[in-house]
Amino acid sequence: MSLRILVGCKRVIDYAVKIRVKPDKTGVVTDGVKHSLNPFDEIAVEEAVRMKEAKLVSEVIAVSCGPQISQETLRTALAMGVDRAIHVDVDATSYANLQPIHVSKILAKLATDEKIDIIILGKQAIDDDANQTAQMTAAMLNWPQATFASKVESENGSLKVVREIDGGLETIKVKLPTVLSVDLRLNEPRYATLPNIMKAKKKPIEKKTPADLGVDISPRIEVLSVEEPPVREAGSKVKDVDELLGKLKELGRI
Amino acid sequence: MAVNSLLSSSLLIGRIGSCSRLFSNKRFASTLIIGDHKQGKLDPITLSCITAGKQLGHDIDCLITGEGIGEATKELAKVDLLKKIIVADDPVFKGMLPEVIASLVVDLQKANGYTHILCGANAFGKNLIPRIGGHLDVSPVSDIIGIKDDSTFVRTIYAGNAIQTLKAKDSIKLISVRGTNFEKYPLSDSANVPIETLDKVNVKSDAVEWITSELTKSERPELTAASTVISGGRGMKNGENFKLLYDLADKLGAAVGASRAAVDAGFVPNDLQVGQTGKIVAPELYIAVGISGAIQHLAGMKDSKTIVAINKDGDAPIFQVADLGLVADLFKAIPEMSEKIDSFKSK
């Protein structure tokens, strides 16, 4: 089978970091803060690599949009087993205003240029929490979408996908080409081993710009301010169940 | 993909719309709310969306799609704020596939010139709204928690650790609404909203097929709508122990939730998960049992009115957001609460 996968990789502040809002309220502090591959994208990469190992696909291409440093994220994906990577270079200032709609246009164009059959993305990035890119990319390409996937099986050239929905799970079948967005429980991403990290250094990263792809990245949304959320008032400890229930009754909560 | 039955009305509205543009776009701004339902019963998040729609201050139509949605339509007809309800009841909407519904919404937008399109930010809305954005070339605004004016919205980023205020510059605003931040619009028996039935729905998608759903059955209130939520974490140790929480929940009329750790450990199904990657809840009372309080969990519950933490580790981060904290072994405290709750409960 000669199917090709495009997998999206976003570099975000590491999930374990306690973020700080900038005093001028323009955003959050990113300088000198630990970054890593968006956890949902790690799952997307893992799924793509597993499909290749199962010989369902012939090539996996990772793509990341952002400044030069985004290449670190692509190296992580390459070390996990991705074949080659495309870095869509966006300078730091433009990147601060890059929105899912821009990334979707970039992905849609790359998917067409690279004759991609399956795009796999994380269901959301843990920085902007938008949860939009996969759905928008699918619409732009007029491909079906299988979002929040927790299980993916190949079936006669289609994909049978179990999705996480509000009341439980649902199963749909999508024809190729298609776009998937992955949920946390789809798989357990592998750690890149040292030999694979070394090998990844030799794998090619091709650099493009949004202009090369004919994508206008002027912002559609203007961020007016970013602020700290209201701090909850410090609570108190109670000594036993009686005191707890008594206080809840006083508060009218039970 | 024209919707035939719309043509007659849309021609007229289209003409009025294009004239009005000479004077002011704003005057004829109008909102479409996309309703959601579960097995034909209106999803309450739709009523939260209507409250958000009211804050925009424009005329509001509501679209409801599905197969066998008479009951949901009847409920919507009790929303006195609505100008009309557009009903698309057709087998093509089985499984509520976004490929199909997005096409219909795009047609409706073109016909009626909606400037604002809103849907609840549940799994349905999150799946649908960006797809409409892709078709209309509009950058959507996800999961808003506040409305400043009809193009300025408030939402959270970084798992609720920062609050972003933004201006949407596209001429159409596509928005998903966080249900817990907007009151449910009250139903009124005297309301009688006109219903427009789309009898010819020319939308379909051959590329996707809905096969089946497995829904978790529960007698308890729905997690995002419950006024009390009791959640268990890794400290519950196993799935069987969740029975302790179910017993207490039943006495309190509460819904049961879980942390990601409890879901990942297989204690409970994943639709119970509260957090950045699960459900966002803001009940009157949230009781966190055996939950440490990781950032990802706090993102899903920290807007609760009163938070109670029960944990044997007095240094657990959950105590920093809890109004009332009990440092105790949950295996003693929870049965004791179940036993004593009746004598404390307000009559």
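Student: What makes K340(B) and D242(A) a salt bridge?

Tutor: This is a predicted model. In it, the closest N and O atoms of K340(B) and D242(A) are 2.9 Å apart. The rule asks for a Lys or Arg side-chain nitrogen within 4 Å of an Asp or Glu carboxyl oxygen, so the pair qualifies.

Student: Why is the pair K38(B) and D166(A) called a salt bridge?

Tutor: The N to O distance between K38(B) and D166(A) is 3.7 Å. The cut-off is 4 Å, so this pair counts too. K38(B) sits in strand β2 (residues 37-38) of chain B. D166(A) lies in the loop between β8 (158-165) and β9 (168-175) of chain A. The pair therefore crosses between chains.

Student: How many salt bridges are there between chain B and chain A?

Tutor: There are eight between chain B and chain A. Over all chains, the count comes to 44.

Student: How many residue pairs are in polar contact across the interface?

Tutor: The rule finds 48 residue pairs between chain B and chain A, both residues at pLDDT 80 or more. On the side of chain B that touches chain A, helix α5 (residues 123-136) gives the largest share, nine residues. That side of chain B divides into 37 nonpolar, 26 polar and 24 charged residues.

Student: How many residues does each chain bring to the contact?

Tutor: Chain B brings 87 residues and chain A brings 76. They count as contact residues because they have heavy atoms within 4.5 Å of the other chain.

Student: What area is buried between chain B and chain A?

Tutor: About 6900 Å² is buried between them. Carbon and sulfur atoms give 54% of that. In chain B, Y158(B), L324(B) and F344(B) lose the most area to chain A. Together they make up 11% of what that side buries. Why quote an area at all? Interface size is often given as the accessible area lost when the parts come together.

Student: How do you know that β13 of chain A and β17 of chain B pair?

Tutor: Strand β13 (residues 236-238) of chain A and strand β17 (residues 324-327) of chain B share three bridges. Pairing needs at least two, so these strands pair. Their sense is parallel. In one of the bridges, K237(A) has G325(B) as its partner.

Student: Why is chain B called as compact as a globular protein of its length?

Tutor: Chain B has nine helices and 17 strands. Its radius of gyration is 22 Å, and the globule rule gives 20 Å for 347 residues. The two values are close, so the description fits chain B. Along its principal axes, the C-alpha trace of chain B spans about 70 × 45 × 40 Å.

Conventions:
Residues numbered from 1 in each chain as written. Chains lettered and ligands numbered in written order. Heavy atoms only, no water. Buried area = accessible area lost by both parts, 1.4 Å probe. Polar contact = N/O pair within 3.5 Å; in protein donor to acceptor, adjacent residues only side chain to side chain. Helix = DSSP H or I, 4+ residues; strand = E, 2+ residues; numbered from the N terminus. Nonpolar A, V, L, I, M, F, W, Y, C, P; charged D, E, K, R; others polar. Rg over C-alpha atoms; globule rule 2.2 N^0.38 Å.
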